[in-house]
Each structure stands twice: as structure tokens, then as C-alpha cells.
Amino acid sequence: MRPLISGPLKVVFLVLASLCAWYSGYLLAELIPDAPLSSAAYSIHSIGERPVLKAPVPKRQKCDHWTPCPSDTYAYRLLSGGGINKYAKICFEDNLLMGEKLGNVARGINIAIVNYVTGNVTATQRFDMYEGDNSGPMIKFIQSAPPKSLLFMVTYDDGSTRLNDDAKNAIEELGSKEIRNMKFRSSWVFLAAKGFELPSEIQREKINHSDTKNNRYSGWPAEIQIEGCIPKEPS
């Protein structure tokens, strides 16, 4: 028969065992990262799983195009007004030429002139076609554009009520196919070139008429837009 451990020795043994257990726990705590148990459990669970591949965020293109324009072209985007609260916009080479933020668009026909060679904006102007006789001033503004100019035209609200035949002729001479189809509050956008020809594949004009059955806004047609890339003049 083995001798029984005496009382004092038993106490010493228990103290040593407690110290060993405490020190082992201390070492284990130092080796484990300071993270919640749930995170640790998730890390263990995720071992062996396939990594999740995230698609890169699409890079923003000039004038909010979906795809970039070639480096030897100009990017443009024309947006008509839509309803009373959506103003027209003219964007060229990622620069807002006319828009609500600039405070330079108004009811009627809004026009921006850009130097085709340099890509710099020459002038912007708005012409109210609901009140006042503004067809004459608009004709003079269009005629003031020098050769090799790009002209961008967009409507906000009504652009037809006071638009006379002389003004329609001036815009028609620039290549418009829809100016004579303009009606009350028609949404219309137009890109013109003065003194040179644009490639035939470039989208230049679009129109949308007010229709009480299909209007997106009460009494107003939906906004329309055209966009594309204009080849620069060869150097």
C-alpha cells in the first residue's frame, strides 16, 4: 500500500498546481491576438474558404460617359430640361458650360459656343422663347460664332412659342432636322458645327414632344440627351 500524502504536502502540491495552471493560462492569453471570440471563431471558420473577389469601382469618365472617349477626341453631353425642376445641361470635355450650378440656364433655348481648334468655350447665352422678342438676338449670337466653332443648343421649358421663321432658318442652316418640328415645351438638343463638317456617325440632334398620356412630369415631356466623342482637328 502506497503511503498517503500528508496534509502539509497536499497543501503545497495544490498551491504549485494552481500556480502552474495560472502561468499556463497567462502564456496562452499572450499568444492569442486581442480580438473578440466571435472574430476568432469566424477566422477559424473562414480558413479554407475561397476569397471573395470584388469588382473594382468603375472609373468616372468625362461628362459621365459610360466608356472613355479616345484621347484625340472631345467628349460632349447635352441634356435638355425635364419638368420645372430639372434644368438643362451642356458638358464639354468634363466641363459644365451651362447648368443649374452655374446659374446660366433659363427658359427657352440655351446655347454654348466652343472653339473647335482649342476646345475653349467662346460664349454662352440663353434666349427666352416664351416672352419677349428674342429670336433676333439669338440669330445675331449664332452668326457671331467664328468659323470652326461648335454650337451646343438645349431647351428648358418652352423653346418654340416666340421662335420665328428667321431663327428657324438660321438653325436649319447649321444642319438641324427637327427645328421646324418644335412644339410647346418640346425637349430638344442639338449639336452643330460652323465652318467644318462633323462625321456622319456622331449623334447631333434629338427631340421629344409633350404628350399628356406619356409625360413623365405633369404637363412636361421627359428630358432627353445626346452624347459622344468629336474628333479633334488633326495637328
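The legends below describe close-up views of a predicted model of one protein chain.

**Figure 1. Overall arrangement of helices and strands in the predicted model.** Four helices and nine strands are assigned in the protein chain. In sequence order, these elements run α-α-β-β-β-β-β-α-β-α-β-β-β. The protein chain comprises 235 residues, of which 36% are buried. Of the contacts that join residues at least 6 apart in sequence, 59% connect residues at least 24 apart.

**Figure 2. The largest nonpolar core, with 25 residues.** Y76, L78, L150, F152, L191 and I230 are the members that touch the most other members of this core. Strands β1, β2, β3, β4, β6, β7 and β9 (225–231) each contribute at least two residues to this core. The greatest contribution to this core is that of β6, with four residues. A second core, separate from this one, has 23 residues, among them F127, M129, I171 and W188.

**Figure 3. Surroundings of L78, a member of the largest nonpolar core.** When residues up to four places away in sequence are left out, L78 touches K89, I90, F152, M153, V154, V189, F190, L191, I224, Q225 and I226. One of these partners, F152, belongs to the aromatic cluster shown in the next view, and L191 is listed with L78 among the core residues that touch the most other members.

**Figure 4. An aromatic cluster and two of its ring pairs.** The structure contains nine aromatic pairs. The rings of F92 and F152 form a tilted pair, with a centre-to-centre distance of 5.6 Å and an angle of 50 degrees between the planes. This pair connects distant parts of the chain, as F92 lies in strand β2 and F152 in strand β6 (residues 149–156), with their positions 60 residues apart in sequence. F92 and F152 are both buried. A stacked pair is formed by Y116 and F196, whose ring centres are 4.1 Å apart and whose planes are 20 degrees apart. The angle lies under 30 degrees, and the pair is therefore classed as stacked. Distant parts of the chain are again linked: Y116 is in the loop between β4 (108–115) and β5 (121–127), F196 is in the loop between β7 (187–194) and β8 (205–208), and the two are 80 residues apart. Y116 counts as buried because its relative accessible area is 9%, and F196 counts as buried because its relative accessibility is 16%; the cut-off for this class is under 20%. A single aromatic cluster comprises Y74, Y76, F92, Y116, F152 and F196.

**Figure 5. Surroundings of S149 in strand β6.** The relative accessible area of S149 is 1%, and S149 is therefore buried. Apart from residues up to four places away in sequence, S149 touches I113, V114, Y116, A192, A193, K194 and F196. Among these partners are Y116 and F196, the two residues of the stacked pair. S149 and G195 are separated by 46 residues in sequence, with their C-alpha atoms 7.1 Å apart in space.

**Figure 6. Surroundings of S80 in the loop between β1 and β2.** S80 has 1% relative accessibility and so counts as buried. Beyond its neighbours within four places in sequence, S80 is in contact with Y87, A88, T155, S187, W188, V189, E223 and I224. T155 and S187 also line the largest cavity, while W188 is one of the residues of the second nonpolar core.

**Figure 7. The largest pocket and the residues that line it.** The space in the largest pocket amounts to about 390 Å³. The pocket is lined by 18 residues, and those closest to its centre are D64, R77, L79, K89 and L96. Two or more lining residues are given by each of β1 (73–79), β2 (89–92) and β3 (95–98). By residue class, the lining of the largest pocket consists of five nonpolar, four polar and nine charged residues.

**Figure 8. The largest cavity and its lining.** One cavity of 30 Å³ or more is counted. The largest cavity holds about 50 Å³ of space. Its lining is made up of G81, G82, G83, T155, Y156, D157, R185, S186, S187, W220 and P221. Three of the residues in this lining are nonpolar, six are polar and two are charged.

Note on methods
Residues numbered from 1 in each chain as written. Predicted model: local features only at pLDDT ≥ 70, side-chain atom pairs only at ≥ 80, totals over all residues. Heavy atoms only, no water. 1 Å grid on protein atoms, 1.4 Å probe; cavity = no way out; pocket = protein on both sides within 12 Å on 5 of 7 lines; lining within 4 Å. Points joined across faces, edges and corners; volume = space filled by probe spheres on them. Nonpolar A, V, L, I, M, F, W, Y, C, P; charged D, E, K, R; others polar. Phe/Tyr/Trp six-rings, centres within 6.5 Å; stacked < 30°, edge-to-face > 60°. Buried < 20%, exposed > 50% of the residue type's maximum accessible area, 1.4 Å probe, protein only. Core = buried A, V, L, I, M, F, W, Y, C linked by side-chain atoms within 4.5 Å. Contact = heavy atoms within 4.5 Å.
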